[in-house]
Amino acid sequence: MLNIEKPTLIINKDIVLSNINTLLQLSKKLSVSFRPHFKTHQSLEVGKWFKKLGINKITVSSVTMAEYFSNQWNDITIAFPFNILEIKKVNTLLKKSKINLLVDSIETIEFLEKNIDHIVKVYIKIDLGYNRAGIFFKDINKLKFTIDKIKNSKKLNFAGYLSHFGNTYKSKNKIDILNTYNDSINNLDTLNSYFNQKINVSIGDTPSISILNNIPSYVNEIRPGNFVFYDLYQYKIGSCKFKNIGLRMVCPIVSVYSKENKILIYGGSVHFSKDVIFEKGRECYGYVYYGNNFWDTSNKIGYIESLSQEHGIIKLEKKGNYRVGDLLSIIPIHSCLTADKMGEYFCDNKNISMMKI
(Lines give C-alpha, C1' and ligand atoms only; values in the text may rest on other atoms or scores of the structure.)
Protein backbone atom coordinates (compact mmCIF):
# COMPACT_ATOMS: atom_id res chain seq x y z
CA MET A 1 0.00 0.00 0.00
CA LEU A 2 1.39 3.39 -0.99
CA ASN A 3 2.13 5.54 2.05
CA ILE A 4 0.67 8.90 1.06
CA GLU A 5 1.45 11.92 3.21
CA LYS A 6 1.05 14.78 0.73
CA PRO A 7 -0.57 15.44 -2.69
CA THR A 8 0.33 12.42 -4.80
CA LEU A 9 -0.47 11.75 -8.46
CA ILE A 10 -1.22 8.10 -9.18
CA ILE A 11 -1.81 6.41 -12.52
CA ASN A 12 -3.54 3.17 -13.43
CA LYS A 13 -1.38 1.19 -15.84
CA ASP A 14 -4.24 -1.03 -17.03
CA ILE A 15 -6.36 1.99 -17.98
CA VAL A 16 -3.42 3.73 -19.65
CA LEU A 17 -2.54 0.65 -21.71
CA SER A 18 -6.17 0.28 -22.74
CA ASN A 19 -6.30 3.92 -23.86
CA ILE A 20 -3.11 3.55 -25.88
CA ASN A 21 -4.27 0.34 -27.53
CA THR A 22 -7.68 1.84 -28.40
CA LEU A 23 -6.08 4.70 -30.33
CA LEU A 24 -3.49 2.38 -31.87
CA GLN A 25 -6.24 0.12 -33.22
CA LEU A 26 -8.15 3.18 -34.45
CA SER A 27 -5.09 4.35 -36.39
CA LYS A 28 -4.85 0.93 -38.02
CA LYS A 29 -8.54 1.00 -38.89
CA LEU A 30 -8.15 4.47 -40.42
CA SER A 31 -4.89 3.49 -42.17
CA VAL A 32 -3.00 6.43 -40.71
CA SER A 33 0.30 6.68 -38.90
CA PHE A 34 0.09 6.99 -35.12
CA ARG A 35 2.58 9.46 -33.64
CA PRO A 36 1.33 10.09 -30.07
CA HIS A 37 2.16 13.34 -28.34
CA PHE A 38 4.22 12.76 -25.21
CA LYS A 39 3.71 16.21 -23.67
CA THR A 40 0.98 14.78 -21.43
CA HIS A 41 2.89 12.06 -19.59
CA GLN A 42 6.49 13.31 -20.11
CA SER A 43 7.90 10.01 -18.84
CA LEU A 44 10.43 7.55 -20.27
CA GLU A 45 8.79 4.76 -18.28
CA VAL A 46 5.33 5.46 -19.68
CA GLY A 47 6.97 5.78 -23.09
CA LYS A 48 8.13 2.18 -22.77
CA TRP A 49 4.49 1.11 -22.53
CA PHE A 50 3.92 2.62 -25.97
CA LYS A 51 6.99 0.87 -27.36
CA LYS A 52 5.82 -2.53 -26.16
CA LEU A 53 2.68 -2.01 -28.25
CA GLY A 54 4.81 -1.43 -31.35
CA ILE A 55 4.69 2.37 -31.50
CA ASN A 56 8.02 3.68 -32.81
CA LYS A 57 7.61 7.43 -33.38
CA ILE A 58 6.47 10.25 -31.17
CA THR A 59 5.56 13.92 -30.91
CA VAL A 60 6.91 16.36 -28.34
CA SER A 61 6.32 20.05 -27.66
CA SER A 62 9.84 21.36 -27.12
CA VAL A 63 13.49 20.82 -27.94
CA THR A 64 14.08 20.03 -24.26
CA MET A 65 11.47 17.29 -24.42
CA ALA A 66 13.03 15.95 -27.61
CA GLU A 67 16.40 15.77 -25.83
CA TYR A 68 14.83 13.84 -22.96
CA PHE A 69 13.08 11.27 -25.14
CA SER A 70 15.94 10.94 -27.63
CA ASN A 71 17.56 8.53 -25.15
CA GLN A 72 14.97 5.95 -26.19
CA TRP A 73 13.34 7.29 -29.36
CA ASN A 74 14.89 8.14 -32.72
CA ASP A 75 11.92 9.47 -34.70
CA ILE A 76 10.59 12.63 -33.08
CA THR A 77 8.46 15.52 -34.30
CA ILE A 78 8.77 18.76 -32.35
CA ALA A 79 5.24 20.14 -32.80
CA PHE A 80 6.03 23.72 -31.88
CA PRO A 81 7.27 26.39 -34.30
CA PHE A 82 11.05 26.14 -34.20
CA ASN A 83 12.88 28.47 -31.83
CA ILE A 84 16.02 29.49 -33.73
CA LEU A 85 17.91 30.17 -30.48
CA GLU A 86 18.04 26.41 -29.87
CA ILE A 87 19.83 25.58 -33.11
CA LYS A 88 22.89 24.10 -31.37
CA LYS A 89 20.73 21.68 -29.40
CA VAL A 90 18.88 20.57 -32.52
CA ASN A 91 22.11 20.07 -34.45
CA THR A 92 23.33 17.86 -31.62
CA LEU A 93 20.05 15.91 -31.59
CA LEU A 94 20.25 15.32 -35.34
CA LYS A 95 23.50 13.42 -34.88
CA LYS A 96 21.63 10.54 -33.26
CA SER A 97 17.91 10.96 -34.00
CA LYS A 98 15.54 11.77 -36.82
CA ILE A 99 13.99 15.09 -35.83
CA ASN A 100 11.11 16.72 -37.72
CA LEU A 101 10.71 20.46 -37.28
CA LEU A 102 7.78 22.84 -37.56
CA VAL A 103 7.88 26.28 -39.19
CA ASP A 104 5.44 29.07 -39.99
CA SER A 105 7.77 31.90 -41.03
CA ILE A 106 10.17 32.62 -43.87
CA GLU A 107 12.72 33.97 -41.40
CA THR A 108 12.93 30.60 -39.66
CA ILE A 109 13.31 28.75 -42.96
CA GLU A 110 16.14 31.05 -44.05
CA PHE A 111 17.83 30.65 -40.69
CA LEU A 112 17.63 26.86 -40.88
CA GLU A 113 19.04 26.84 -44.40
CA LYS A 114 22.12 28.66 -43.17
CA ASN A 115 22.58 27.01 -39.76
CA ILE A 116 21.23 23.46 -39.73
CA ASP A 117 24.01 20.85 -39.97
CA HIS A 118 21.95 17.97 -41.31
CA ILE A 119 19.12 17.52 -43.79
CA VAL A 120 15.87 17.72 -41.87
CA LYS A 121 12.16 17.27 -42.58
CA VAL A 122 10.08 20.38 -42.06
CA TYR A 123 6.32 20.68 -41.60
CA ILE A 124 4.43 23.91 -42.20
CA LYS A 125 2.16 24.79 -39.32
CA ILE A 126 -1.35 25.52 -40.64
CA ASP A 127 -3.96 27.54 -38.76
CA LEU A 128 -7.35 26.03 -39.61
CA GLY A 129 -9.34 28.22 -37.26
CA TYR A 130 -7.75 27.71 -33.84
CA ASN A 131 -6.01 31.10 -34.16
CA ARG A 132 -3.02 30.16 -32.06
CA ALA A 133 -0.12 29.66 -34.46
CA GLY A 134 0.60 28.88 -38.09
CA ILE A 135 -0.10 30.23 -41.55
CA PHE A 136 -3.81 30.87 -42.00
CA PHE A 137 -5.27 28.36 -44.45
CA LYS A 138 -6.69 31.10 -46.70
CA ASP A 139 -3.34 32.85 -47.06
CA ILE A 140 -2.52 30.92 -50.22
CA ASN A 141 0.16 33.29 -51.53
CA LYS A 142 2.15 33.10 -48.32
CA LEU A 143 1.69 29.36 -48.20
CA LYS A 144 2.87 28.86 -51.79
CA PHE A 145 5.89 31.05 -51.17
CA THR A 146 6.71 29.12 -47.97
CA ILE A 147 6.44 25.73 -49.69
CA ASP A 148 8.64 26.89 -52.58
CA LYS A 149 11.19 28.25 -50.11
CA ILE A 150 11.44 24.87 -48.40
CA LYS A 151 11.52 22.89 -51.64
CA ASN A 152 14.32 25.07 -53.03
CA SER A 153 16.41 24.48 -49.93
CA LYS A 154 19.35 22.09 -49.94
CA LYS A 155 18.96 21.37 -46.21
CA LEU A 156 15.18 21.15 -45.75
CA ASN A 157 12.74 18.53 -46.99
CA PHE A 158 9.06 19.48 -47.14
CA ALA A 159 7.14 16.97 -44.98
CA GLY A 160 3.66 18.44 -45.41
CA TYR A 161 1.13 20.32 -43.28
CA LEU A 162 0.76 19.99 -39.54
CA SER A 163 -2.27 21.28 -37.67
CA HIS A 164 -3.84 21.03 -34.24
CA PHE A 165 -7.63 21.32 -33.93
CA GLY A 166 -7.25 22.85 -30.47
CA ASN A 167 -10.62 24.58 -30.63
CA THR A 168 -12.26 21.18 -30.03
CA TYR A 169 -11.30 21.74 -26.39
CA LYS A 170 -13.85 24.56 -26.26
CA SER A 171 -16.65 22.12 -27.03
CA LYS A 172 -19.55 21.41 -24.71
CA ASN A 173 -20.45 17.97 -26.05
CA LYS A 174 -19.76 15.42 -28.80
CA ILE A 175 -21.79 17.35 -31.34
CA ASP A 176 -19.66 20.44 -30.74
CA ILE A 177 -16.50 18.36 -31.08
CA LEU A 178 -17.61 16.90 -34.39
CA ASN A 179 -18.75 20.28 -35.70
CA THR A 180 -15.36 21.82 -34.93
CA TYR A 181 -13.59 18.83 -36.44
CA ASN A 182 -15.70 19.04 -39.60
CA ASP A 183 -15.07 22.80 -39.87
CA SER A 184 -11.33 22.16 -39.67
CA ILE A 185 -11.50 19.38 -42.25
CA ASN A 186 -13.56 21.61 -44.56
CA ASN A 187 -10.86 24.26 -44.22
CA LEU A 188 -8.27 21.64 -45.14
CA ASP A 189 -10.38 20.72 -48.17
CA THR A 190 -10.44 24.38 -49.19
CA LEU A 191 -6.68 24.54 -48.83
CA ASN A 192 -6.11 21.37 -50.81
CA SER A 193 -8.28 22.63 -53.66
CA TYR A 194 -5.61 25.23 -54.45
CA PHE A 195 -2.89 22.63 -55.00
CA ASN A 196 -2.82 19.92 -57.63
CA GLN A 197 -0.36 17.65 -55.85
CA LYS A 198 -1.08 15.50 -52.82
CA ILE A 199 0.38 16.94 -49.61
CA ASN A 200 0.72 14.89 -46.44
CA VAL A 201 -1.23 16.16 -43.45
CA SER A 202 -0.62 15.50 -39.75
CA ILE A 203 -3.39 16.34 -37.28
CA GLY A 204 -3.67 15.97 -33.55
CA ASP A 205 -6.24 16.60 -30.86
CA THR A 206 -7.66 14.15 -28.36
CA PRO A 207 -11.36 15.19 -28.39
CA SER A 208 -12.07 14.62 -32.09
CA ILE A 209 -9.75 11.65 -32.57
CA SER A 210 -11.38 9.91 -29.59
CA ILE A 211 -14.81 9.88 -31.23
CA LEU A 212 -14.34 9.97 -35.00
CA ASN A 213 -14.95 6.97 -37.26
CA ASN A 214 -13.41 8.16 -40.52
CA ILE A 215 -10.82 10.56 -41.79
CA PRO A 216 -9.96 12.12 -45.19
CA SER A 217 -7.56 10.09 -47.30
CA TYR A 218 -5.02 12.92 -47.43
CA VAL A 219 -4.56 12.82 -43.64
CA ASN A 220 -1.71 10.40 -43.08
CA GLU A 221 -0.89 10.94 -39.39
CA ILE A 222 -2.62 11.54 -36.05
CA ARG A 223 -0.92 12.98 -32.95
CA PRO A 224 -3.25 12.91 -29.91
CA GLY A 225 -1.69 13.26 -26.46
CA ASN A 226 -4.18 13.80 -23.64
CA PHE A 227 -5.87 10.45 -24.41
CA VAL A 228 -3.17 8.57 -22.49
CA PHE A 229 -4.75 9.69 -19.19
CA TYR A 230 -7.82 11.72 -20.19
CA ASP A 231 -9.26 13.93 -17.42
CA LEU A 232 -12.43 15.55 -16.12
CA TYR A 233 -12.58 18.08 -18.94
CA GLN A 234 -12.47 15.34 -21.57
CA TYR A 235 -15.23 13.52 -19.71
CA LYS A 236 -17.40 16.64 -19.55
CA ILE A 237 -17.19 17.31 -23.29
CA GLY A 238 -17.87 13.67 -24.18
CA SER A 239 -14.57 12.40 -25.52
CA CYS A 240 -14.15 9.75 -22.80
CA LYS A 241 -15.92 7.93 -19.97
CA PHE A 242 -14.96 7.78 -16.31
CA LYS A 243 -13.46 4.34 -16.89
CA ASN A 244 -10.98 5.88 -19.36
CA ILE A 245 -9.53 8.41 -16.88
CA GLY A 246 -6.22 6.87 -15.85
CA LEU A 247 -4.94 9.23 -13.16
CA ARG A 248 -6.02 10.57 -9.78
CA MET A 249 -4.64 13.13 -7.38
CA VAL A 250 -4.74 11.79 -3.84
CA CYS A 251 -4.80 14.51 -1.18
CA PRO A 252 -4.99 14.42 2.64
CA ILE A 253 -7.73 16.15 4.58
CA VAL A 254 -6.23 18.91 6.75
CA SER A 255 -9.42 20.35 8.30
CA VAL A 256 -13.15 19.62 8.25
CA TYR A 257 -15.58 22.55 8.48
CA SER A 258 -18.85 20.78 9.20
CA LYS A 259 -21.04 23.88 9.56
CA GLU A 260 -19.92 25.19 6.18
CA ASN A 261 -20.05 21.75 4.51
CA LYS A 262 -16.46 22.23 3.44
CA ILE A 263 -13.14 20.44 3.71
CA LEU A 264 -9.63 21.83 3.48
CA ILE A 265 -7.14 19.62 1.67
CA TYR A 266 -3.42 19.82 1.19
CA GLY A 267 -3.51 20.31 -2.57
CA GLY A 268 -3.56 23.64 -4.36
CA SER A 269 -2.83 25.31 -7.66
CA VAL A 270 0.83 24.29 -7.47
CA HIS A 271 -0.40 20.71 -7.71
CA PHE A 272 -3.52 20.90 -9.88
CA SER A 273 -2.90 24.08 -11.92
CA LYS A 274 -5.69 26.62 -12.23
CA ASP A 275 -7.70 24.92 -14.98
CA VAL A 276 -11.40 25.06 -14.23
CA ILE A 277 -14.79 24.03 -15.53
CA PHE A 278 -18.12 25.66 -14.74
CA GLU A 279 -21.11 23.69 -13.51
CA LYS A 280 -24.37 25.40 -12.65
CA GLY A 281 -22.54 28.69 -12.66
CA ARG A 282 -19.96 27.46 -10.14
CA GLU A 283 -16.23 26.98 -10.55
CA CYS A 284 -15.05 23.39 -10.28
CA TYR A 285 -11.40 22.36 -10.09
CA GLY A 286 -11.97 18.61 -9.73
CA TYR A 287 -14.40 15.90 -8.64
CA VAL A 288 -13.76 14.48 -5.16
CA TYR A 289 -14.27 10.86 -4.05
CA TYR A 290 -14.04 9.11 -0.69
CA GLY A 291 -13.12 5.50 -0.03
CA ASN A 292 -10.26 3.01 0.07
CA ASN A 293 -10.38 2.37 -3.70
CA PHE A 294 -8.99 5.49 -5.34
CA TRP A 295 -10.40 4.42 -8.74
CA ASP A 296 -13.99 3.94 -7.55
CA THR A 297 -16.28 6.71 -8.86
CA SER A 298 -19.40 5.54 -7.04
CA ASN A 299 -18.92 7.72 -3.97
CA LYS A 300 -18.53 11.31 -5.15
CA ILE A 301 -18.70 13.55 -2.09
CA GLY A 302 -18.19 16.96 -3.66
CA TYR A 303 -15.95 19.11 -5.80
CA ILE A 304 -13.01 21.48 -5.38
CA GLU A 305 -14.56 24.95 -5.38
CA SER A 306 -11.37 26.99 -5.01
CA LEU A 307 -7.60 26.66 -5.13
CA SER A 308 -4.82 28.85 -3.83
CA GLN A 309 -1.15 27.97 -3.81
CA GLU A 310 -1.22 25.01 -1.38
CA HIS A 311 -4.86 25.07 -0.24
CA GLY A 312 -7.82 23.35 -1.83
CA ILE A 313 -11.36 23.95 -0.60
CA ILE A 314 -13.86 21.15 -1.19
CA LYS A 315 -17.58 21.88 -1.21
CA LEU A 316 -19.33 18.84 0.20
CA GLU A 317 -22.41 17.49 -1.56
CA LYS A 318 -22.67 14.42 0.62
CA LYS A 319 -22.68 14.06 4.41
CA GLY A 320 -20.15 11.70 5.92
CA ASN A 321 -17.76 10.99 8.75
CA TYR A 322 -14.77 12.69 7.16
CA ARG A 323 -11.74 12.95 9.42
CA VAL A 324 -8.52 14.91 9.45
CA GLY A 325 -5.85 12.68 7.91
CA ASP A 326 -8.22 10.79 5.60
CA LEU A 327 -7.23 10.61 1.96
CA LEU A 328 -9.44 11.80 -0.88
CA SER A 329 -9.23 10.81 -4.54
CA ILE A 330 -9.66 13.63 -7.03
CA ILE A 331 -10.09 13.64 -10.80
CA PRO A 332 -8.27 16.74 -12.05
CA ILE A 333 -9.58 19.03 -14.76
CA HIS A 334 -6.53 18.88 -17.03
CA SER A 335 -4.19 15.90 -16.81
CA CYS A 336 -1.42 17.50 -18.90
CA LEU A 337 -0.91 20.48 -16.61
CA THR A 338 -1.48 18.49 -13.42
CA ALA A 339 1.20 15.99 -14.44
CA ASP A 340 3.55 18.80 -15.40
CA LYS A 341 3.02 20.47 -12.03
CA MET A 342 3.62 17.28 -10.04
CA GLY A 343 6.69 16.02 -11.92
CA GLU A 344 6.24 12.37 -10.94
CA TYR A 345 3.67 9.59 -10.68
CA PHE A 346 3.12 6.56 -8.55
CA CYS A 347 1.97 3.34 -10.20
CA ASP A 348 1.80 -0.13 -8.65
CA ASN A 349 3.41 1.34 -5.52
CA LYS A 350 6.44 2.51 -7.48
CA ASN A 351 7.68 5.96 -8.37
CA ILE A 352 7.68 6.89 -12.06
CA SER A 353 9.87 9.85 -12.85
CA MET A 354 9.14 12.52 -15.43
CA MET A 355 11.21 14.95 -17.43
CA LYS A 356 12.90 17.57 -15.30
CA ILE A 357 13.26 21.04 -16.79
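# A tour from strand E11 outward

Start at strand E11 and select valine 250, whose bridge partner in strand E18 is serine 329. This is a predicted model, in which local features need pLDDT of at least 70 and side-chain atom pairs count only at pLDDT 80 or more, while totals for chains, interfaces and linings use all residues. Residues are numbered from 1 along each chain as its sequence is written, and side-chain values use heavy atoms, with hydrogens and water left out. Helices (H or I, at least four residues) and strands (E, at least two) are DSSP runs, numbered from the N terminus.

**Strand E11 and its partners**

Show E11 with E18 (residues 327-332): the two pair in the antiparallel sense over 4 bridges. Two strands pair if DSSP finds at least two bridges between them. Next add strand E12 (residues 262-266), which also pairs with E11 in the antiparallel sense, over 4 bridges. To find this pairing, select isoleucine 253, whose bridge partner in E12 is isoleucine 265. E11 and E12 form a hairpin with 4 residues between them. In the turn, asparagine 261 has a positive phi of about 55 degrees.

Now add strand E1 (residues 8-11), which pairs with E11 (residues 247-257) in the antiparallel sense over 4 bridges. Isoleucine 10 has arginine 248 of E11 as its bridge partner. In a regular strand the side chains alternate between the two faces of the sheet. In E1, Thr8 and Ile10 point one way and Leu9 and Ile11 the other way, and all are buried. Buried means under 20% relative accessible area, exposed over 50%, and partly exposed in between (1.4 Å probe, protein chains only).

**Aromatic pairs around strand E15**

Rings of Phe, Tyr and Trp (its six-membered ring) pair if their centres lie within 6.5 Å; planes under 30 degrees apart count as stacked, over 60 as edge-to-face and the rest as tilted. By this rule the count comes to 13 aromatic pairs. Select phenylalanine 242 and tyrosine 287, a tilted pair with 6.4 Å centre to centre and 55 degrees between the planes. This pair links distant parts of the chain, 45 residues apart: phenylalanine 242 is in the loop between helix H9 (232-237) and E11, and tyrosine 287 is in strand E15 (residues 286-290). Tyrosine 287 counts as buried because its relative accessibility is 8%.

Move along to tyrosine 290 and tyrosine 322, an edge-to-face pair at 5.0 Å centre to centre and 85 degrees between the planes. Tyrosine 290 lies in E15 and tyrosine 322 in the loop between strand E17 (311-316) and E18, so the pair ties together parts that are 32 residues apart in sequence. Tyrosine 290 is partly exposed, with a relative accessible area of 25%, whereas tyrosine 322 counts as buried at 10% relative accessibility.

Return to tyrosine 287 and show lysine 300, whose charged end sits over the tyrosine ring, 4.4 Å from its centre. A charge sits over a ring if NZ of Lys or CZ of Arg is within 6 Å of the ring centre and within 35 degrees of the ring normal.

**The aromatic cluster and arginine 35**

Select Phe34, Phe38, Phe50, Tyr68, Phe69, Trp73 and Phe227, which form one aromatic cluster. Over the ring of tryptophan 73 sits the charged end of lysine 51, 4.9 Å from the centre.

Then go to arginine 35, in the loop between strand E2 (33-34) and helix H2 (44-52). Arginine 35 counts as buried, with 3% relative accessibility. Leaving aside neighbours within four places in sequence, arginine 35 is in contact (heavy atoms within 4.5 Å) with residues including Lys57, Asp75, Asn100 and Glu221. Show glycine 225 as well: glycine 225 and arginine 35 are 190 residues apart in sequence and 9.2 Å apart in space, C-alpha to C-alpha.

**Helix H5**

Select helix H5 (residues 106-115) and colour its buried residues, Ile106, Thr108, Ile109 and Leu112. They cover an arc of only 160 degrees around the axis, which puts them on the same side of H5; the arc is that of the directions from the helix axis to the C-beta atoms. Glu107 and Lys114 are exposed on the other side of H5. The buried residues of H5 pack against helix H4 (87-93), strand E5 (98-103), helix H6 (140-151) and strand E8 (156-163).

**Last stop: serine 208**

Select serine 208, in helix H8 (residues 206-211). Serine 208 counts as buried, at 0% relative accessibility. Apart from neighbours within four places in sequence, serine 208 is in contact with Phe165, Thr168, Ile177 and Tyr181.
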